[in-house]
Amino acid sequence: MTVLHQIDPIAFHLGPLQVHWYGIMYLLGFGTAWWLGRMRVRAGRLPGVNEQSYGDLLFYAMLGVVLGGRLGYVFFYSFSDLLRDPLMLFRIWEGGMSFHGGLLGVVAAAWWWSWKHKLHLMDTVDFLAPLVPPGLGFGRLGNYIGGELWGKYTQAGWGVVFPRAEVELAGMNLQQLQAQFATGALDRFARHPSQLYQAALEGLTMFVLLWWFSSKPRPRYAVSGLFALLYGCFRFLVEFVRVPDAQIGYLAFGWLTMGQVLSLPLIALGLFWLFVWSRRQPTLEPQPFVPAK
């Protein structure tokens, strides 16, 4: 079955302000993380931390996602553009965010917050890891709604036609596209909806596995190790059917992408943390927070 992508990326208008679905997905991701994290705090999964302190952690993590995601995209994927136009770093509204940069930003934020609260960094990271996949899933849904980061041609009579991806379709309006699609003339443009693959793997599947795995106390580094391993493997696999960034293309062998290169350290680190290093670490037992009298 072939589907024509015809979703308006703008959800609604508030006067002259355009509210994009992608921004709404970010809010849903942070809102879900706040709700899930509050449940874990109440269960004592981060001893000595109350809901107010967790709110501060989430705020810092939000800043880490945005700043790290932007810096990561610019330095990993668009460094040549930065050299030509340094101010592009600040034009966030033009798009361009990197998961790997956002991850580094969150870790930096968690380090700062953990230092202030005299907690081990990895206890904080292990606490946060199961809260991240819903945001990844919502973000990938935002990519799909926006018709960006599309996959390769399926060449199998099924997939999604993304008009923004095709030079031949650039001059057509929606009515023309629908008319051409009804005749089957656009079937040759059907692509893998790689955004939905990532939403299902990085979002739903990772959340279910991490939430289950972290439902009982695990040794330090184990939950973070599973997160790194799962994300690295899922991202590496989906990159085979996803179109690489145009400004970079393939790095080697006609198939290796920057996303795969950046995922390899996560896979290695995840394997080491989960199966080796965590076996030498203590296990943080739940201690529900008791307010001081």
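Reader: What makes the span of helix H1 (residues 21–42) close to the expected one?

Author: In this predicted model, H1 has 22 residues and reaches 32 Å from its first C-alpha to its last; the expected span is 1.5 Å times one less than the number of residues, which for H1 comes to 32 Å, so the two are close. Helices here are DSSP runs of H or I with at least four residues, strands are runs of E with at least two, and both are numbered from the N terminus. Residues are numbered from 1 along each chain as its sequence is written, local features need pLDDT of at least 70, side-chain atom pairs count only at pLDDT 80 or more, and totals for chains, interfaces and linings use all residues. Side-chain values use heavy atoms, with hydrogens and water left out.

Reader: How do you know that S2 and S3 pair, and in which sense?

Author: Pairing requires that DSSP find at least two bridges between the strands; strand S2 (residues 10–14) and strand S3 (residues 17–20) have four, in the antiparallel sense, and Phe12 stands opposite Val19 in S3. The two strands form a hairpin with two residues between them, and Gly15 in the turn has a positive phi of about 65°.

Reader: Why is H4 called roughly antiparallel to H9?

Author: Helix H4 (residues 99–116) and helix H9 (residues 222–238) pack at an angle of about 170°, with their axes 13 Å apart; angles over 145 degrees count as roughly antiparallel, and therefore H4 is roughly antiparallel to H9. The contact (heavy atoms within 4.5 Å) is made by Phe99, His100 and Leu103 of H4 and Phe227, Tyr231 and Arg235 of H9.

Note on methods
Axes are lines fitted to C-alpha atoms, for helices over the stretch in contact, and angles run from 0 to 180 degrees between N-to-C directions. Angles under 35 degrees count as roughly parallel, over 145 as roughly antiparallel, 65 to 115 as roughly perpendicular and the rest as oblique.
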